[in-house]
Amino acid sequence: MYALLFLILSYFTVSKTSSPSTTAYNLWYKQPAKEWTEALPVGNGRLGAMVFGNPVHEQIQLNEDSMWPGSTDWGNPEGNPDDLYAIRQLLFAGKNSQADSLLVEKFSHKGIKRSHQTLGDLFIDLNHKNVQNYRRELDLNKSLVTVSYNVGENKYSVSEKIFASAPHNALIIEYTSTAPEGLNGIIRLTRPEDEGHITAKTVAVGDNQLKMTGEVTQYGGEIESKPAPILSGVKFETKLEVSNAGGEVYTDGDTLVLKNVHKALLYLVAQTSFYGDCFPSNDFQLSKIRGQSYDSLFSAHEKDYQQLFSRVDFSLGDHAKDTLATDQRLQRIKQGEPDLGLQALLFQYGRYLLISSSRPGTNPANLQGLWNPHIQAPWNADYHLNINLQMNYWPAEVTNLSELHAPLFDFTDRLIKSGKVTAYENYGFRGAVIHHASDLWAPAWMRAARAYWGGWIGGGGWLAQHYFEHYRFTNDTEFLEKRALPALEEVARFYFDWLVEDPRDGLLVSAPSTSPENRFIGSDEKPVATCLGSAMDQQIIAEVFDNYLKSCELLAIKSSFVDSVREKRKHLRSGLILGRDGRILEWDREYPEREKGHRHMSHLYAFHPGSRITKKETPQLFEAVRKTLDYRLANGGAGTGWSRAWLINFAARLLDGAMAHDHITLLLKKSLYLNLFDAHPPFQIDGNFGYTAGIAEMLLQSHEKNTITMLPALPPQWQTGHITGLKARGNFEVDIFWQRNELKYATVRALSGGKTNLVYKNRSMPVELKKHENFTFNLADFYNSDESF
């Protein structure tokens, strides 16, 4: 009580935090990109590009987030309630292999090939050879790629600048040259063929425009694991317009020619039929930006971008290696040299990538975010819902990019709509089912060539978590009422109907149930996937019920369904059962494991990203998590980039900074391409986002009730540093500064007011803040507090 009174009296007497100067965050290289995974990304949420920076034949690979073949015309699989009953009877009889087969046969569209695709390529052929002083750079503070070099014996300078502007809905490129003869070259717009079929047509328009049009197809398409060419899809148009100073621009066939141009400003716009009529839209966008100077366009872009990116500043106090090119830094890390500056840079890179691939009104970031050079991408560059899409959005709330969560909610609302049809047609149940993967058209049906790979009903529950977490971070009751509760209710209704009594113990379980992409050894000595209530399914369903009931309580909603959920929750079998060695079981019983070091750690969902397991409230389960992870790692776990990123988050929740830092180092050594894209391999962007979320989790945690914990997993290597602008649940904003591996001071800003407990190590301070009130405190304040645990 004394501590609370002390803090209330101290609000206006303590010193305020001074804003740190913005840290420089740059990726830079001394040579052009040779491979796509060396090119540098830009994006405005919907429209993106990969910049190679080649002085001879520049390639700017283009992307747009709705470039998909097909439509909504693929219906649900043939399975029905009788088939579901038959599968459950097989599981009750211990015939898991037969249950696996029947699940895929009846309820799955099996293997699918229907991929997000590249928009095409912009080539600028300047034929600059004999290049010196080359530098290619991505400035994260400005969201700007710059390429500069000198050319020729007289070392004339050439500069290329490119950014993707959200205010202008366009890609902007500026070329300048000090050479007396200016710039001379050819500009082309192309798109790869689809298995030998032309996919786009480019024509010149007037003296200074190129127009590329087409329709997305997939001649290598598949459904039911069988060839199914997709001959239609999203229609698209890309327009490029060039404004020049000095010299001239003219057309030559389907190209533009630059002749003696000293400055060229390129405006590139692109639209698809997914967003409406693309042709008038492109003309409208060009009319808005035509005639504007580069400086004017960049100023508006920078202002828009900075109001998101600049909310968080992070430094570990080590910038000695900033003078080294990024690829050189990665090489030194592989040789064992530490690089704290690159660790901080990679954190901000994740935020940059989310800003660049997910904005309100766009589609959500897919497996590759926005950037994809393929006609048939790995795993379709689609939306995997058994961790990957969710991991993309782990940084959204905690790193103060809350509004970027909106595309995920919009997409999930569409999934729920289609999932209601799938739930009824396939299973005869109410509510919405969402399986393990989807795409632009938001189908909710199962796509699983094998039961272990996609025969899973947990996608809806995991996505529902994001709605409730958004509320917890923002205190937005209107969002809770109008967006979160309707989504939670539809998902809860499906799980309510889906649960079945396990005849072995009389408890309610999910069946058929799998643990994503993993298998155990069944009674017939064969690897099998289905069981009666995997740990992950049970944990997700429990969380959905709990979050639904809590939402109804907050909104004072009472109904017979609320009462029924509350009662059914009591009879739900726990998903947190310990085996004989103290590890959390992954399936319903302690079966032999086929892959002891599996990349997915699905049975720890309740620990992270869930919050049911904490050191304070559930110490036995907390230790069981560590044993489970130790066993996974001892058997070769965390082989993929995203899996390693998840381990950073796990280590942070275990309050183990040294462990977290070990996995940071391993991720930098093993799981990054030269442009710092995450390597599954191949490229998957989830590892970038998971890394950023993990760093935030090491420095700030708020998943425990009414608690903000500072520096919960600070590794010994991070002796000095600061992070400002992180978000905590309860709608608090937090700045933290530390020195000699100890808290120096911190500031908490209450964006909506309220009570919380500030925790550092084993000390706690209760505080109550009014709306928009700040409180700054230091290490001594914790030791003056009479609260400890």
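This is a short tour of one structure, with a suggestion at each stop for what to select next. Keep in mind as you go that the model is predicted.

**Stop 1: the largest cavity**

Start inside the protein, where there are five cavities of 30 Å³ or more. The largest holds about 270 Å³ of space. To find it, select W394, E469, F473, E697 and R729, which lie nearest its centre among the 20 lining residues. Next, colour the elements that give two or more residues to this lining: α9 (394-398), α12 (459-474), α17 (641-653), α19 (686-699) and β26 (700-701). Which of them gives the most? Helix α12 does, with four residues. What kinds of residue make up the lining of the largest cavity? Seven are nonpolar, seven are polar and six are charged.

**Stop 2: L340**

Now select L340, which you will find in helix α7 (residues 340-357). Is L340 buried or exposed? Its relative accessible area is 13%, so L340 counts as buried. Show its surroundings too: leaving aside neighbours within four places in sequence, L340 is in contact with L316, D318, H661, Q717 and W718. Take D318 from that group and look at the backbone: the C-alpha atoms of L340 and D318 are separated by 6.0 Å, although the two residues are 22 apart along the chain.

**Stop 3: salt bridges**

Side chains of opposite charge can pair when their charged atoms come close. Across the whole structure, 45 salt bridges are found; here are some to visit.

- Select K106 and E78, whose closest N and O atoms are 3.1 Å apart. This pair links distant parts of the chain, with K106 in helix α3 (residues 96-107) and E78 in the loop between β4 (57-64) and α2 (81-92). K106 counts as buried at 19% relative accessibility, whereas E78 is exposed at 54%.
- Move on to R749 and D735, where the closest N and O atoms are 2.7 Å apart. R749 is in strand β30 (residues 742-750) and D735 in strand β29 (residues 732-739), so their salt bridge ties together parts 14 residues apart in sequence. Both R749 and D735 are buried.
- Then try R573 and D505, which meet in a salt bridge at 3.9 Å, N to O. They sit in two loops, 68 residues apart: R573 between α15 (560-570) and α16 (619-634), D505 between β22 (500-501) and β23 (508-509). R573 is buried at 7% relative accessibility, while D505 is partly exposed at 35%.

**Last stop: a network**

Keep R573 and D505 selected and add D502, R504 and D588: these five residues are linked in a network of salt bridges.

Definitions and conventions: Residues numbered from 1 in each chain as written. Predicted model: local features only at pLDDT ≥ 70, side-chain atom pairs only at ≥ 80, totals over all residues. Heavy atoms only, no water. 1 Å grid on protein atoms, 1.4 Å probe; cavity = no way out; pocket = protein on both sides within 12 Å on 5 of 7 lines; lining within 4 Å. Points joined across faces, edges and corners; volume = space filled by probe spheres on them. Nonpolar A, V, L, I, M, F, W, Y, C, P; charged D, E, K, R; others polar. Buried < 20%, exposed > 50% of the residue type's maximum accessible area, 1.4 Å probe, protein only. Contact = heavy atoms within 4.5 Å. Salt bridge = Lys/Arg side-chain N within 4 Å of Asp/Glu carboxyl O.
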